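The following exercises concern electrostatic pairing, helix packing and backbone geometry in one structure. Each task is followed by a solution in steps.

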Amino acid sequence: MTRTPHTRLDPLDPLDPLDSLDQRVSACRACPRLVAWREDVAQVKRAAFADWTYWGRPVPGFGPADAPLLIIGLAPAAHGGNRTGRMFTGDRSGDVLYQALYDVGLASQPTSVSADDGLELYGVRITAPVHCAPPANKPTPEERDTCRPWLVEELTLLRPTLRAAVVLGAFGWQAALPAFAEAGWTVPRPRPAFAHGARVGLGGLELFGCFHVSQRNTFTGRLTPEMLRAVLGTAAEAAGLG
């Protein structure tokens, strides 16, 4: 399936609010534990990436400003997004996600190895409720809540075109629901529980649950490529991209 990339405003245009948000996110130092960890990882590095200059900062969202579909993960990987500066880029979770996005026609290529590799997303943006790589891939509830205003602002900016969202994993689901509520969508009460394949209407937006693309899930078969493609394909249709 071939798609035309959604356009963005000039990235150097100071009036582009999403670019402004991305720049402010990448300069955040609000969580001391995360700041120390991400910067230490960027200095020590992994032997396989010894010749890389690590990003070592909060990782902003990636994708067009007029995206009708949003994917929400957990947090950048220490030697993935924290190294490359782009969500789900340079790690095995990203290998699985971008292959699936390519398979359903939402990405220009099936791999994502660096921020300058030419990858384009078609009608979809990728973000996370926590923008810094956390130790052991486990942000604290306090860190999640401290980072939430960034997600709320991003959702608010995307709201004019956003029609569907896929949340990867229970942590992202728990972080995303209050953010959607703060951004003006109607979240049912009691709040719906996370489940793979869950679909919840938020009043003008369809929210989908999907197991996270972590190695623990993909290596054990808890999440297969077919399962991931099915959720992404259904969400793309709900967003008007099918």
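A salt bridge is taken here as a side-chain nitrogen of Lys or Arg within 4 Å of a carboxyl oxygen of Asp or Glu. The model is predicted, and a search of the whole structure finds twelve salt bridges.

**Exercise 1.** Determine which parts of the chain are tied together by the salt bridge of Arg 29 and Glu 39.

Solution.
- Step 1. The two side chains, of Arg 29 and Glu 39, meet at 2.7 Å, N to O, which means that the pair satisfies the 4 Å criterion.
- Step 2. Arg 29 is located in the loop between α1 (17–25) and α2 (32–44), while Glu 39 belongs to helix α2, so the bridge ties together parts that are ten residues apart in sequence.
- Step 3. With a relative accessible area of 54%, Arg 29 is exposed; Glu 39, with 31%, is partly exposed.

**Exercise 2.** Characterise the salt bridge between Glu 143 and Arg 33 by its N to O distance, and state whether Glu 143 is buried or exposed.

Solution.
- Step 1. The N to O distance between the side chains of Glu 143 and Arg 33 is 2.8 Å.
- Step 2. This pair links distant parts of the chain, Glu 143 being in helix α5 (residues 141–158) and Arg 33 in helix α2, 110 residues apart.
- Step 3. Buried means under 20% relative accessible area. Glu 143 has a relative accessibility of 7% and therefore counts as buried.
- Step 4. Its partner Arg 33 is partly exposed, with a relative accessible area of 35%.

**Exercise 3.** Locate the helices that are tied together by Arg 229 and Asp 103, and identify the residues linked with Arg 125 in a network of salt bridges.

Solution.
- Step 1. The side chains of Arg 229 and Asp 103 form a salt bridge with an N to O distance of 3.5 Å.
- Step 2. Since Arg 229 lies in helix α8 (residues 225–238) and Asp 103 in helix α4 (residues 92–103), the pair ties together parts that are 126 residues apart in sequence.
- Step 3. Both residues count as partly exposed: Arg 229 has 28% relative accessibility and Asp 103 has 37%.
- Step 4. Arg 125 is linked with Asp 22 and Glu 154 in a network of salt bridges.

**Exercise 4.** Classify the relative orientation of α5 and α6.

Solution.
- Step 1. The axes of α5 and helix α6 (residues 170–182) come within 9 Å and cross at roughly 55°.
- Step 2. Angles under 35 degrees count as roughly parallel, and 65 to 115 as roughly perpendicular; α5 and α6 are therefore oblique to each other.
- Step 3. The crossing of α5 and α6 is right-handed.
- Step 4. Residues making the contact include Leu 151, Val 152 and Leu 155 of α5, together with Phe 171, Ala 175 and Phe 180 of α6. By class, the residues of the contact of α5 with α6 comprise nine nonpolar, one polar and three charged.

**Exercise 5.** Carry out the corresponding classification for α1 and α5.

Solution.
- Step 1. The axes of α1 and α5 come within 10 Å, crossing at roughly 170°.
- Step 2. An angle over 145 degrees counts as roughly antiparallel, and α1 is therefore roughly antiparallel to α5.
- Step 3. On α1 the contact is made by Pro 17, Leu 18, Leu 21, Arg 24 and Val 25, and on α5 by Trp 150, Glu 153, Glu 154, Leu 157 and Leu 158.
- Step 4. The contact of α1 with α5 has seven nonpolar, no polar and three charged residues.

**Exercise 6.** Explain why a cis peptide bond and positive phi values at residues other than glycine merit inspection, and locate Pro 190, Phe 88 and Ala 136.

Solution.
- Step 1. Most residues other than glycine have a negative phi, and most peptide bonds are trans.
- Step 2. The peptide bond joining Arg 189 and Pro 190 is cis, with omega about -5°. Pro 190 is found in the loop between α6 and β4 (199–201).
- Step 3. Phe 88 has a positive phi of about 55° and is placed in the loop between α3 (81–84) and α4. Phe 88 is buried, with a relative accessible area of 10%.
- Step 4. Ala 136 has a positive phi of about 60° and lies in the loop between β2 (124–127) and α5. Ala 136 counts as exposed, at 59% relative accessibility.

Notes. Residues numbered from 1 in each chain as written. Predicted model: local features only at pLDDT ≥ 70, side-chain atom pairs only at ≥ 80, totals over all residues. Heavy atoms only, no water. Helix = DSSP H or I, 4+ residues; strand = E, 2+ residues; numbered from the N terminus. Buried < 20%, exposed > 50% of the residue type's maximum accessible area, 1.4 Å probe, protein only. Axes fitted to C-alpha atoms, helices over the stretch in contact; angles between N-to-C directions. Left-handed = near helix turned anticlockwise from the far one by under 90°. Contact = heavy atoms within 4.5 Å. Nonpolar A, V, L, I, M, F, W, Y, C, P; charged D, E, K, R; others polar.
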